[in-house]
Amino acid sequence: MKLGPVELPALAVPRLGLAAFRRRAVVHLAFLLLALATVGLVLTVLIDQKQRAYQRYAQGFRQSLAEIVLQLRHPSGQLALLNPTMSAGGRDGQAPVLLPFSAIDFDDQNKAQRAVEMAGCGLRWPDGASLCAAVGANAYAGGFLYLVGSLESGPLTGRQHGALDLAGVHRARVTLTLRGETQAWIAPFEGAAAADGTQRGRLTGFIGAGPQLPGKARPVREFRGWLWREGPCAEGSSGPDCARRTFYSIRLPVEAFQAALFDAAGQRARPVWPPADLDQARVRVELLGPAEPARSAPGASMAAAAADPPASDAARGDGPVLFDSARPGASLAQSLDRIGASLQPGETLRIERQGRQPQTIAERRGPELSERALPWLIHVMRRLPVRGEVLGVGAGTDAAEVRWLTASDEVATPSGRYRLELRGDLRSLDRQLALEARPLAWLAAAMLAAVALAWLMVELGLIRGIAVLTKRAAAVSYNMQDARADQRIGELDVADLRGRDELGILAGSLADALSRVKDGLRREQLRAEREREMWHAVGHEIMSPLQSLMVLHGAPDDASHRYVQRMQQAVKVLYGSAPPSEALASADLHPQALDLVAFCREIAANAHYAGIDGVSFSTALPEPLPVRAEAYALEDAVTHVLRNADRYRPEGTPIALTLEAGEPGVVLLRIHNQGPPIDAAMLETIFEYGVSDTAPQAAGERRGQGLFVARTYLAKMDGSIRAFNVPEGVVFEMSLRRAAA
């Protein structure tokens, strides 16, 4: 006896009024208001945050320009303006810079030191040494090059008046390279030590590099220099011969600069100042100690060890180098690179030299944001309304329409006027605000997600189920007067529980009898369906090999024929414990190395025993060809595909088995048959359980189980199967993994 699915006529559903669903509407409205309130709260906070940020930015924007202008009006800032290409020098020396004042009072230590420090002129070395090489802003001050610096040194040995050998005294050597020519001056120290260990004296300049002066050498008249060694002992030294701070100031006459002050007739001309090639000049300052080790002071010895003098100095016998401005490690005290270091992201500072043809000497940009904000959050921040007066653009203006802020000012220097223009990109401010608002956005998203999740839980887990049960219960109640109602559902007595809302209807409809009837009916349907599924599984997986046995033992006098028939009869009464798809999925295979060439050759030779004629095999791959497979499972999968090919091929046409090499480590077994192509929409679904284009037969075959079995077995052997159409028919391609030889 076969049990089919129980089909009941549909119940007529009455039309329920609004009162039956008012609680559902109230719950939906409450969740909607909660989501809108969350969005409104976040937008209000973001608008307030944006307005405050815009206001702070507008105030800080103008203040930033004022601070930069104030910085550039200071002598150190003017020095940077006058020398935009100022650098830290190199092995060939330092380029002189143009001072913001006319000259340096080099004869007075305090004035010279204060002028250099105020202008921020010069280089600084890690050991505390410094040097400022500069020319004055006034050409008529004489065309001199000023060299002002300091270092730490021990006691200085001075030159005796008239002495020509300078190897045993402390001296300064200055080298100037200008317009392809190089000049050198040697200036020995002339002075004595005081009782407290301090020293002060002149630096008398001679033409040449030393250390030996010619017999009638005379000092350069306009070369003037002073050297002061005073102050407390340096850290780590003590005693009368300790290392002290040594300050020097030199005024160096430059013939090229002085010659430009007069015309061809010897009259004063109006020179072009500073010289156009000032940044091409190179000056090098060296302070040398006595060559004799016995006369070298402790401080000088330490400085000489760290100075790393060039090989040329040692070759000339110059002695230890206390200081060399060409040594590496120097840094600028001030430059245009440091102007605008406090710019905000999106801000641009442009400095132009005013004149007939304005020239941009520097352009600085604010830093880029290190993180990228979410694009949608940037768009939201740009669309938020802000009052325009916070940016100083007038009331009634929408700040979202203003994309740039600009401000400008001028700085006057001895060599001309400079215009500063600061431009701020509000889009960068929006990106920065988007970065700052990201935590709030994630919090809002989490709140909205929580609201949505709560709504889904209430809607899907409670309200929708209540509504469905309400309609069914109403249908049951409405159809109770039907003559077939007692056969379909049974009698329900819920008169004392009825009400107008959905909860009252649900309470009156929940009856244990309805649940028991439906559960019993479902169990009966499942049992009947399971019997049918297991019968078809047995018929498909066991009857196929039994049919082959019937062909082998088909003779009437064969004793095996009777036992095969008994096996077929016993299969009909067998029932499993699981559906076929679950049983196949849980099957346990044990793949091992299998010679695929020999396997396919045997399959082709024995195919006629299974009722499949015309099967051929060919391959160009070498033998043996080990693959990772289980022989019985692979034979079952191939047989299912061969039966499928035999079913659809025209009568008398062959079925071809071929082996080809696939991707590295993969072998392809292809089964080709002639016949109609497979619908393109079914090329992927034909391997699913139960998919077939023919109706089930009484023997259980052709129910869409064979290809499902093939795909399942191949997957358990780390392989795959696919089908595709070719002009002459259909090809099923199985891929198998090679096994270690």
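Which residues are exposed on the other side of α7 from its buried ones? They turn out to be P375, H379 and R383, where exposed means over 50% relative accessible area, buried under 20%, and partly exposed in between (1.4 Å probe, protein chains only). The model is a predicted one, so to speak of local features takes a pLDDT of at least 70 and side-chain atom pairs count only at pLDDT 80 or more, while totals for chains, interfaces and linings use all residues. Residues are numbered from 1 along each chain as its sequence is written, and side-chain values use heavy atoms, with hydrogens and water left out.

Back to helix α7, which spans residues 375–383 and has L377, I378 and M381 as its buried residues. Seen down the axis, these fall within an arc of 105 degrees, so they line one face of the helix; the arc is taken from the directions that run from the helix axis to the C-beta atoms. Helices (H or I, at least four residues) and strands (E, at least two) are DSSP runs, numbered from the N terminus.

Helix α3 (residues 109–119) can be read in a similar way. Its buried residues are Q109, A112, A115, V116 and A119, and they fall within an arc of 145 degrees down the axis, so they too line one face. They pack against α2 (75–82), β3, β4 (144–153), β9 (224–233) and β10 (244–253), with contact meaning heavy atoms within 4.5 Å. At the N-terminal end, D108 acts as a cap: one of its side-chain oxygens lies 3.0 Å from the backbone nitrogen of N110. That cap rests on a polar contact, a pair of N or O atoms within 3.5 Å; within protein, one must be able to donate a hydrogen and the other to accept it, and residues adjacent in sequence count only if both atoms are side-chain atoms. Just past α3, G120 takes a positive phi of about 65 degrees.

Next come the cores. A nonpolar core is a set of buried Ala, Val, Leu, Ile, Met, Phe, Trp, Tyr and Cys residues joined through side-chain atoms within 4.5 Å. The largest one has 97 residues, and C121, L147, Y248, I351 and L420 touch the most other members. Helix α1 (residues 22–73) gives the most to this core, with ten residues. A second, separate core has 44 residues, including V597, L642, A710 and M734.

L336 sits in the loop between β13 (331–332) and β14 (347–353) and, at 3% relative accessibility, counts as buried. Its C-alpha is 6.9 Å from that of L81, although the two are 255 residues apart in sequence. Leaving out residues up to four places away in sequence, L336 touches A80, L81, P84, I351, I361, A362 and R364.

Finally, the rings. Rings of Phe, Tyr and Trp (its six-membered ring) pair if their centres lie within 6.5 Å, with planes under 30 degrees apart stacked, over 60 edge-to-face and the rest tilted. There are five such aromatic pairs. In one of them, the centres of W125 and F323 are 5.2 Å apart and the planes at 90 degrees, so the pair is edge-to-face. W125 lies in the loop between β2 (123–124) and β3 (130–135) and F323 in strand β12 (residues 321–324), so the pair ties together parts 198 residues apart in sequence. Both W125 and F323 are buried.
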